[in-house]
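Hi everyone, thanks for making time for this. I'd like to walk you through one model, so please have a look at the sequence and the structure first.

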Amino acid sequence: MRKLLSTALMLAIASLVILTAVAGAAEIQGKVQSVDPAAGLLTLEDGTKLTLASGMSHHDLKPGSTVKVSYEDKNGSKVVTNIQVMPGR
(Lines give C-alpha, C1' and ligand atoms only; values in the text may rest on other atoms or scores of the structure.)
Protein backbone atom coordinates (compact mmCIF):
# COMPACT_ATOMS: atom_id res chain seq x y z
CA MET A 1 0.00 0.00 0.00
CA ARG A 2 2.80 2.40 0.89
CA LYS A 3 4.53 1.72 -2.45
CA LEU A 4 1.29 2.44 -4.33
CA LEU A 5 0.84 5.79 -2.57
CA SER A 6 4.48 6.69 -3.21
CA THR A 7 4.11 5.88 -6.92
CA ALA A 8 0.86 7.87 -7.16
CA LEU A 9 2.51 10.87 -5.48
CA MET A 10 5.48 10.72 -7.85
CA LEU A 11 3.15 10.60 -10.87
CA ALA A 12 1.16 13.57 -9.57
CA ILE A 13 4.32 15.64 -9.09
CA ALA A 14 5.65 14.71 -12.55
CA SER A 15 2.31 15.70 -14.11
CA LEU A 16 2.37 19.05 -12.33
CA VAL A 17 5.91 19.77 -13.54
CA ILE A 18 4.97 18.94 -17.14
CA LEU A 19 1.80 21.06 -17.04
CA THR A 20 3.69 24.01 -15.58
CA ALA A 21 6.30 23.85 -18.37
CA VAL A 22 3.64 23.61 -21.08
CA ALA A 23 1.57 26.45 -19.59
CA GLY A 24 4.49 28.88 -20.02
CA ALA A 25 4.81 28.28 -23.76
CA ALA A 26 2.52 29.73 -26.42
CA GLU A 27 2.31 29.93 -30.18
CA ILE A 28 1.13 32.60 -32.61
CA GLN A 29 0.95 32.90 -36.37
CA GLY A 30 0.81 36.16 -38.29
CA LYS A 31 2.38 38.50 -40.81
CA VAL A 32 5.53 40.43 -40.05
CA GLN A 33 4.98 44.18 -39.87
CA SER A 34 8.54 45.10 -38.93
CA VAL A 35 11.83 43.75 -37.60
CA ASP A 36 14.21 45.83 -35.50
CA PRO A 37 17.47 43.82 -35.27
CA ALA A 38 19.18 46.41 -33.06
CA ALA A 39 16.40 46.20 -30.45
CA GLY A 40 15.81 42.48 -31.08
CA LEU A 41 12.13 43.17 -31.71
CA LEU A 42 9.68 41.55 -34.12
CA THR A 43 6.26 43.18 -34.60
CA LEU A 44 3.36 41.40 -36.25
CA GLU A 45 0.62 43.17 -38.24
CA ASP A 46 -1.83 42.64 -35.36
CA GLY A 47 0.47 44.70 -33.11
CA THR A 48 1.97 41.77 -31.21
CA LYS A 49 5.54 42.57 -30.16
CA LEU A 50 7.95 39.67 -29.71
CA THR A 51 11.50 39.77 -28.38
CA LEU A 52 14.06 37.81 -30.39
CA ALA A 53 16.31 35.76 -28.12
CA SER A 54 19.97 36.69 -28.18
CA GLY A 55 21.72 35.12 -31.18
CA MET A 56 18.46 34.26 -32.95
CA SER A 57 18.68 34.76 -36.72
CA HIS A 58 16.41 37.44 -38.17
CA HIS A 59 17.71 37.44 -41.77
CA ASP A 60 14.70 35.56 -43.20
CA LEU A 61 12.21 37.85 -41.47
CA LYS A 62 10.82 40.37 -43.94
CA PRO A 63 7.73 42.59 -43.70
CA GLY A 64 4.75 40.75 -45.19
CA SER A 65 6.18 37.28 -44.48
CA THR A 66 3.90 34.90 -42.62
CA VAL A 67 5.53 33.40 -39.55
CA LYS A 68 4.68 30.81 -36.93
CA VAL A 69 6.27 31.74 -33.61
CA SER A 70 6.65 29.83 -30.34
CA TYR A 71 7.38 32.04 -27.35
CA GLU A 72 7.48 32.16 -23.57
CA ASP A 73 6.23 34.95 -21.36
CA LYS A 74 9.22 36.21 -19.38
CA ASN A 75 8.85 39.25 -17.15
CA GLY A 76 5.99 40.58 -19.27
CA SER A 77 7.80 40.09 -22.60
CA LYS A 78 7.03 37.50 -25.25
CA VAL A 79 10.45 35.94 -25.85
CA VAL A 80 10.73 33.90 -29.05
CA THR A 81 11.90 30.32 -28.58
CA ASN A 82 11.31 29.18 -32.17
CA ILE A 83 10.29 30.88 -35.39
CA GLN A 84 9.33 29.43 -38.74
CA VAL A 85 8.78 31.44 -41.92
CA MET A 86 5.82 29.91 -43.73
CA PRO A 87 6.06 29.33 -47.49
CA GLY A 88 4.43 32.00 -49.69
CA ARG A 89 1.21 31.18 -51.46
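Let me start with a question: is E72 buried, partly exposed or exposed? At 30% relative accessibility, E72 counts as partly exposed. For those labels, buried means under 20% relative accessible area, exposed means over 50%, and partly exposed is in between, with a 1.4 Å probe and protein chains only.

Before going on, a word on conventions. This is a predicted model, where local features need pLDDT of at least 70 and side-chain atom pairs count only at pLDDT 80 or more, while totals for chains, interfaces and linings use all residues. Residues are numbered from 1 along each chain as its sequence is written, and side-chain values use heavy atoms, with hydrogens and water left out.

Back to E72, then. Its side chain meets that of K74 in a salt bridge, at 3.6 Å from N to O. By salt bridge I mean a side-chain nitrogen of Lys or Arg within 4 Å of a carboxyl oxygen of Asp or Glu. K74 is partly exposed too, at 42% relative accessibility.

By that rule, the count is 2 salt bridges. The side chains of K68 and E27 also meet in one, at 4.0 Å from N to O. This pair links distant parts of the chain, with K68 in strand β4, E27 in strand β1 and their positions 41 residues apart in sequence. Strands here are DSSP runs of E, at least two residues long, and helices are runs of H or I, at least four, all numbered from the N terminus. As for accessibility, K68 is partly exposed at 30%, whereas E27 is exposed, with a relative accessible area of 52%.

Now for the strands themselves. β1 and β4 pair in the antiparallel sense over 7 bridges; two strands pair if DSSP finds at least two bridges between them. One of the partnerships puts G30 with V67 in β4. On another side of the story, β1 and β2 run antiparallel and are joined by 4 bridges, with V35 standing opposite L42 in β2. The hairpin of these two strands has 4 residues between them, and in it G40 takes a positive phi near 65°.

Let's look inside β2. T43 lies in this strand, and T43 is buried, with a relative accessible area of 6%. Leaving aside neighbours within four places in sequence, T43 is in contact (heavy atoms within 4.5 Å) with K31, V32, Q33, S34, T48 and K49. L44 is in β2 as well, and at 1% relative accessibility L44 counts as buried. L44 and Q33 are 11 residues apart in sequence, yet 4.8 Å apart from C-alpha to C-alpha. Beyond four places in sequence, L44 touches I28, G30, K31, V32, Q33, L50 and V67.

That brings me to the core. In soluble globular proteins, nonpolar side chains tend to be buried together. A nonpolar core here is a set of buried Ala, Val, Leu, Ile, Met, Phe, Trp, Tyr and Cys residues joined through side-chain atoms within 4.5 Å. The largest one has 12 residues, among them I28, L44, V67 and Y71. The elements giving two or more residues to this core are β1 (25–36), β2 (41–44) and β4 (66–74), and the largest share, 3 residues, comes from β4.

Let me finish with I28: which residues is I28 in contact with, leaving aside neighbours within four places in sequence? They are L44, D46, T48, V67, K68, V69 and Y71.
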